[in-house]
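Visitor: I would like to learn how to read a structure feature by feature. Could you walk me through this one?

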Amino acid sequence: MYTRRPIPNEYCPSQPSAPTVAQPANQFQVLEEIGRGSFGAVHKVIHLPTKKVMVRKDIKYGHMNSKERQQLIAECTILSQLKHENIVEFYSWDFNEQKEVLYLYMEYCSRGDLSQMIKHYKQEHKYIPEKVIWGILAQLLMALYKCHYGDDLLPLTTMYDRMKPPARGKNVVIHRDLKPGNIFLSNEDNEDKDNKNHRNMDYSQVVVKLGDFGLAKSLEASIQFATTYVGTPYYMSPEVLMDHPYSPLSDIWSLGCVIFEMCSLHPPFQAKTYLELQKKIKAGKFEKIPEYYSDGLNLMVHSMVDVDLETRPSTFELLQDIQIRTARKSLQLERFERNLLDYENELVNIEKILERQAMEYEREYSQLKEQFVRAVEDRVSEVVNGKKIGKVPESIHGYYNKRLPRPAYHWQTRYR
Ligand SMILES: Nc1ncnc2c1ncn2[C@@H]1O[C@H](COP(=O)(O)OP(=O)(O)OP(=O)(O)O)[C@@H](O)[C@H]1O
């Protein structure tokens, strides 16, 4: 049976779709291990009551003190409230007290993460198409808008819509660890086919999901923090390196670095030693993106990766940019076109069902008509032959009284 695509959050904000409270682990069946992060293994699981495929992240909490554990749960609560089409949905959690493991259940993203996509293009010696990069940037800015201002962005009516400045200070969530490995990709229908081993290089309609929120923050005071930053902090802003507090603008710096890496297939700042890298980031000097891309994209990246916090644009300011508006509008139109195609298919299906029902109706009608004519002829011959006139035969009665069955497919009530 045909099912229509779900309406995205952008048009219909905050619709919880899966369990949002703690779920016992026996309601889930492990399908496979997807990978291992610094906190533990990541499994693909199925939630048996809803048959929904999800991801389970295992976090060992044995070494954490009770304050850190409570902080982790508080963080999970924030995440469970952060619902947006471009943010990995957090469904529920559970503990295994014996193994001292916290299980976090999240939305499964069938196309892996951005680091795998970049690696793939690097192996193929190809550039990521510019349109794909703008689409990904626009989606990430929409996700950051939700985080930084606590609101959903309204869809654009025209590219020149005036955007109302967001209210400041309301439920600000700063990601703090924005990097390609924390940006996940899925298809609109999130299906797995052709995606195994990332052989499918068509990223034109990819849906981007920001993930791995704030876990670093919750685990900051614990030993795990050290392991979180085992990798080189290529995407860390200069103010964070200098131990200044995180601000939403730190996320913009990191996002700029991610977009640079999507264009150049390597991060903007690279060095052999940590100290050298720190020096480069603080100086904030890095090369242009390849000539293959437009000057507009180069300027956009350089405006985001700006050491000066006064001139680095906010999420709201970036969303005002005409190129971002164009990318957003184009995403909206592409989705609209896909929905129209869906409706068209749905109408074709309904038409086929109605045609079949009309044929059945027609057949039944002609059978009844035949019976009626035969009964009338019998009756006439009875009268002509002078037989005693009895009751009207059932078949004549039947013709007038019989109600044909209603079509089984009540499209009028479903599609009103
Ligand atoms: N929601 C998800 N959907 C699909 N794959 C996921 C999801 N979350 C994580 N993964 C995959 O699981 C693997 C491990 O992810 P995880 O985020 O735990 O670690 P990491 O990004 O490799 O390292 P770190 O812990 O430092 O962030 C990665 O290959 C990642 O792509």
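Visitor: How far apart should the end C-alpha atoms of helix 3 be, and what is the distance here?

Guide: This is a predicted model, so every value here is computed from it. The idea is to multiply the rise of 1.5 Å by one less than the number of residues. Helix 3 covers residues 130-149, so its 20 residues should span 28 Å, and the end C-alpha atoms are indeed 28 Å apart.

Visitor: Is helix 3 mostly covered or mostly open?

Guide: A residue is called buried when its relative accessible area is under 20%. In helix 3, 19 of the 20 residues are buried, so by that cut-off the helix is mostly covered. Just past its end, Gly150 has a positive phi of about 75°.

Visitor: Let's try helix 11. How does its reach compare with the expected value?

Guide: The approach carries over. Helix 11 runs over residues 322-384. With 63 residues, it reaches 90 Å from first to last C-alpha, close to the expected 93 Å.

Visitor: What can I look at around the ends of helix 11?

Guide: At the start, look for a side chain that reaches a backbone nitrogen: a side-chain oxygen of Asp321 comes to within 2.7 Å of the backbone nitrogen of Gln323. After the helix comes Gly386, with a positive phi near 70°.

Visitor: Is Gln332 buried or exposed?

Guide: Gln332 lies in helix 11, and it counts as buried because its relative accessibility is 10%. A polar atom of its side chain is 2.8 Å from the backbone nitrogen of Leu156.

Visitor: Which way do residues in a helix point?

Guide: An α-helix has 3.6 residues a turn, so residues three or four places apart point the same way.

Visitor: Now a loop, please. Is Lys164 buried or exposed?

Guide: Lys164 sits in the loop between helix 3 and strand 6 (183-186). Its relative accessibility is 71%, so Lys164 counts as exposed. Sequence distance and spatial distance are worth reading side by side: Lys164 and Phe316 are 152 residues apart along the chain, while their C-alpha atoms are separated by 9.5 Å.

Visitor: Which residues other than glycine have a positive phi?

Guide: Two to look at are Glu100, with phi about 55°, and Arg176, with phi near 75°. Glu100 is in the loop between strand 4 (90-96) and strand 5 (101-107). Its relative accessible area of 34% is why Glu100 is described as partly exposed. Arg176 belongs to the loop between helix 3 and strand 6, and at 17% relative accessibility it counts as buried.

Visitor: How many residues surround the ligand, and which are closest?

Guide: There are 18 around the ligand, and the closest are Ser38, Glu107, Cys109, Asp113 and Asp212. By class, this shell holds six nonpolar, six polar and six charged residues. Domain 1 (28-107) and domain 2 (112-189 + 202-320) each supply at least three residues to the shell.

Visitor: Which side chains have polar atoms beside the ligand's oxygen atoms?

Guide: Start with the distances. An N or O atom in the side chain of Asp113 is 2.7 Å from a ligand oxygen, and for Asp212 the distance is 2.8 Å. A polar side-chain atom of Gln116 lies 3.5 Å from an oxygen of the ligand. As for cover, the protein hides 86% of the 600 Å² of accessible area that the ligand has on its own.

Visitor: Which elements give two or more residues to the shell?

Guide: Those are strand 1 (28-36) and strand 3 (52-60). Strand 1 gives the most, with three residues.

Definitions and conventions:
Residues are numbered from 1 along each chain as its sequence is written. This is a predicted model: local features need pLDDT of at least 70, side-chain atom pairs count only at pLDDT 80 or more; totals for chains, interfaces and linings use all residues. Side-chain values use heavy atoms; hydrogens and water are left out. A residue is near a molecule or strand if one of its heavy atoms lies within 4 Å of it. A polar contact is a pair of N or O atoms within 3.5 Å; within protein, one must be able to donate a hydrogen and the other to accept it, and residues adjacent in sequence count only if both atoms are side-chain atoms. Accessible areas come from the Shrake-Rupley method with a 1.4 Å probe; for residues, only the protein chains shown count as cover. Helices (H or I, at least four residues) and strands (E, at least two) are DSSP runs, numbered from the N terminus. Ala, Val, Leu, Ile, Met, Phe, Trp, Tyr, Cys and Pro count as nonpolar, Asp, Glu, Lys and Arg as charged, and the others, Gly among them, as polar. Domain bounds come from an automatic or database domain assignment. Buried means under 20% relative accessible area, exposed over 50%, partly exposed in between (1.4 Å probe, protein chains only).
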